Amino acid sequence: MIKRALRTMSATGNSNSVSPLSERPDGLGTAPHDPDSLTLWMADGNCRLHPPTTFFPSDGAGVDRARKICKDCPVIGTCLEFALEERIDHGVWGGCSERERRRILKRRRDEVAADAEVEVALS
Ligand code: SF4
């Protein structure tokens with residue numbers, strides 16, 4: 001539920017648009033799960049037990065608090081890959097800050113480019 005609100009925020013690029021479940025109109029929090037959803041794993045995330053704002057820290061101490069929650073999360077890998085694939089710019093996902101995710105994406109791009117150079121050199 002938390003991540004659904006976060007995804008909305010990411011899509012709009014507006015952190016003010018986050019709407020925690022507790023602020024939603026009655027009934028919206030009880031909608032049946034979509035079995036085809038790519039985000040069913042979110043229901044197992046440790047963050048479901050914390051306010052969404054925990055995962056949008058404004059300083060390093062806040063990032064550390066969010067990371068501690070993520071550390072033992074059973075879906076940490078899935079969460080991180082989701083954030084990377086969806087290019088989510090804001091918040092802590094999969095135990096990584098925005099900056100850490102940018103580094104991961106850059107490293108992956110660099111690895112792909114290096115692999116392509118090797119293939120060209122070998123052809
Ligand atoms: S890794 Fe962190 S942000 Fe992702 S689902 Fe788990 S607790 Fe939530």
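Colleague: Which are the buried residues of α2?

Modeller: Val63, Ala66 and Cys70. "Buried" here means that 20 or more other C-beta atoms lie within 10 Å of the residue's own; "exposed" means 12 or fewer, "partly exposed" is in between, and C-beta atoms are placed from the backbone. Helices are DSSP runs (H or I, at least four residues; strands are E, at least two), numbered from the N terminus. Keep in mind that this is a predicted model: local features need pLDDT of at least 70, side-chain atom pairs count only at pLDDT 80 or more, and totals for chains, interfaces and linings use all residues. Residue numbers start from 1 along each chain as its sequence is written.

Colleague: Why do the buried residues of α2 line one face of the helix?

Modeller: The general idea first: an α-helix has 3.6 residues a turn, so residues three or four places apart point the same way. Now this case: looking down the axis of α2, the buried residues fall within an arc of 65 degrees (taken from the directions from the helix axis to the C-beta atoms), so they line one face. Turned away from that buried side are the exposed Ala61, Asp64, Lys68 and Lys71.

Colleague: What covers the buried residues of α2?

Modeller: The cover includes α3. Contact means C-beta atoms, placed from the backbone, within 7 Å. Leaving out residues up to four places away in sequence, Val63 touches Pro57, Val92 and Ser97.

Colleague: Which residues make up the largest nonpolar core?

Modeller: In soluble globular proteins, nonpolar side chains tend to be buried together. A core here is a set of buried Ala, Val, Leu, Ile, Met, Phe, Trp, Tyr and Cys residues joined through C-beta atoms within 7 Å. The largest has 10 residues: Cys47, Phe55, Val63, Ala66, Cys70, Cys79, Ala83, Val92, Trp93 and Cys96. Both α2 and α3 give it two or more residues, and α2 gives the most, with 3.

Colleague: And which residues come nearest to the ligand?

Modeller: Gly45, Cys47, Cys70, Cys73 and Cys79, out of 15 around the ligand. To be in that shell, a residue needs its C-beta atom, placed from the backbone, within 6 Å of the molecule. α2 (60-71) and α3 (76-85) each supply at least two shell residues.

Colleague: How many buried residues does α4 have?

Modeller: Just 1 among its 25 residues, so to speak hardly covered. For the whole chain of 123 residues, buried ones make up 18%. The chain has 4 helices and 0 strands.

How values were computed. Contact = placed C-beta atoms within 7 Å.
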